[in-house]
Amino acid sequence: MKKFFLSILTIATVGFTYAQTADEIVNKHIEAIGGTDAWKKVNSMVTTGTLKMQGAEIPISLTVLNGKGSRQDITVMGMPGYQIVTPTQGWKFMPFQGQKEVEPITADDLKEAQDELDVQGSLVDYKTKGHTVELLGTDDVDGVDAFKLKETLKSGKTQTIFIDPKTYYIIRVISKQKANGNEVDVTTNVSNYQKLPEGIMVPLSIGLPFGEMVISKVEINKPIDENIFKPSK
């Protein structure tokens, strides 16, 4: 009888361990946000919203054409600025930061920004993309005992992803970014997931270190003129 119970315990432990594997968690996450098939149909995304910081509300939009270009537009104090990233080049024009002319971004910044060109997200079909994911256990995220995953991107960048075990939505991402020559951890909290007509789930609230971005509209597979990924004043 004792051996019988030990056998049952062993089976249960194996099953529990399997349920905690990184692949299992990632697969459940992808299913929760719409599934691989639905996400692989996403070729472009235009996100429009407001960045709330220090009492101000700043209009901001992000346009991504998968693998080809990313453009962020932002207007501060009536002055429009932008940052563009393509596979080979990038530019920045932020007049509210004192810029007078469009400037190319540095080679390091261009390399750091390449992951922004993946409109589907790094976890969708991550092995094919050359990324790896490792389960680090669980950790508390504002009272949620979240799964803690370490993702190493093909570029070599790493980020820690926290997934709610009830919804399998990502609720926090800690990414390593370079600032003034130093590597720093940047924490992003995501919430308020909503389902789009295309069947995918996206967060409409993004908490950043310097404020919160509230997304008002997400357009999927809207035709994108690639000329927007060329600099202009």
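## Close-up views of a predicted protein chain

**Figure 1. Here is the whole protein chain, seen through its surface and its overall make-up.** The protein chain exposes about 13500 Å², and carbon and sulfur atoms supply 54% of that area. The model shown here is a predicted one. Counting its regular pieces gives four helices and 13 strands. Along its principal axes, the C-alpha trace spans about 80 × 35 × 35 Å. Of the 233 residues in the chain, 37% are buried. Take the contacts between residues at least 6 apart in sequence: 40% of them join residues at least 24 apart. The chain carries 26 positive and 29 negative charges, and the mean positions of the two sets are 2 Å apart.

**Figure 2. Strand 7 and strand 8 meet in a hairpin.** Look for strand 7 at residues 132-141 and strand 8 at residues 144-152. These two strands pair in the antiparallel sense, with nine bridges between them. To find your place along the pair, start at Thr 132, which stands opposite Thr 152 in strand 8. Two residues separate the strands of this hairpin. In the turn you will meet Asp 142, which has a positive phi of about 50°.

**Figure 3. Strand 8 also forms a hairpin with strand 9.** Strand 9 covers residues 158-163 and pairs with strand 8 over six bridges, in the antiparallel sense. A handy landmark here is Lys 148, which stands opposite Phe 162 in strand 9. Five residues lie between strand 8 and strand 9, and Gly 156 in the turn has a positive phi of about 105°.

**Figure 4. Leu 123 sits in a loop, in the stretch between helix 4 and strand 7.** Helix 4 itself runs over residues 107-113. Is Leu 123 buried or exposed? Leu 123 counts as buried because its relative accessibility is 6%, and the cut-off for buried is under 20%. Leaving aside neighbours within four places in sequence, Leu 123 is in contact with residues from several parts of the chain, including Val 26, His 29, Ile 30, Glu 151, Ile 161 and Ile 170. Val 133 is another of its contacts. Leu 123 and Val 133 are ten residues apart in sequence, and their C-alpha atoms are 8.6 Å apart in space.

**Figure 5. Arg 172 is a buried arginine in strand 10.** Strand 10 takes in residues 170-179. With a relative accessibility of 17%, Arg 172 counts as buried. Which side chain joins that of Arg 172 through a polar contact of 2.6 Å? The partner is Asn 189. Beyond neighbours within four places in sequence, Arg 172 is in contact with Thr 160, Ile 161 and Phe 162, among others. Its contacts also include Val 141 and Asp 142, as well as Thr 187, Thr 188 and Val 190. You have met Asp 142 before, in the turn of the hairpin between strand 7 and strand 8.

**Figure 6. Arg 71 is a buried residue in strand 3.** Strand 3 spans residues 69-76. Arg 71 has a relative accessible area of 13% and is therefore buried. Its side chain makes a polar contact of 2.9 Å with the side chain of Asp 73. A polar atom of the Arg 71 side chain also lies 2.9 Å from the backbone oxygen of Ile 228. Not counting residues up to four places away in sequence, Arg 71 touches Ser 61, Leu 62 and Thr 63, among others. Tyr 82, Gln 83 and Ile 84 are also among the residues it touches, and so are Ile 228, Phe 229 and Lys 230.

Definitions and conventions: Residues numbered from 1 in each chain as written. Predicted model: local features only at pLDDT ≥ 70, side-chain atom pairs only at ≥ 80, totals over all residues. Heavy atoms only, no water. Pairing = 2+ DSSP bridges. Buried < 20%, exposed > 50% of the residue type's maximum accessible area, 1.4 Å probe, protein only. Contact = heavy atoms within 4.5 Å. Areas by Shrake-Rupley, 256 points an atom, 1.4 Å probe, with all protein chains shown as cover. Lys, Arg positive; Asp, Glu negative; His and termini not counted. Charge placed at Lys NZ, Arg CZ, Asp CG, Glu CD. Polar contact = N/O pair within 3.5 Å; in protein donor to acceptor, adjacent residues only side chain to side chain.
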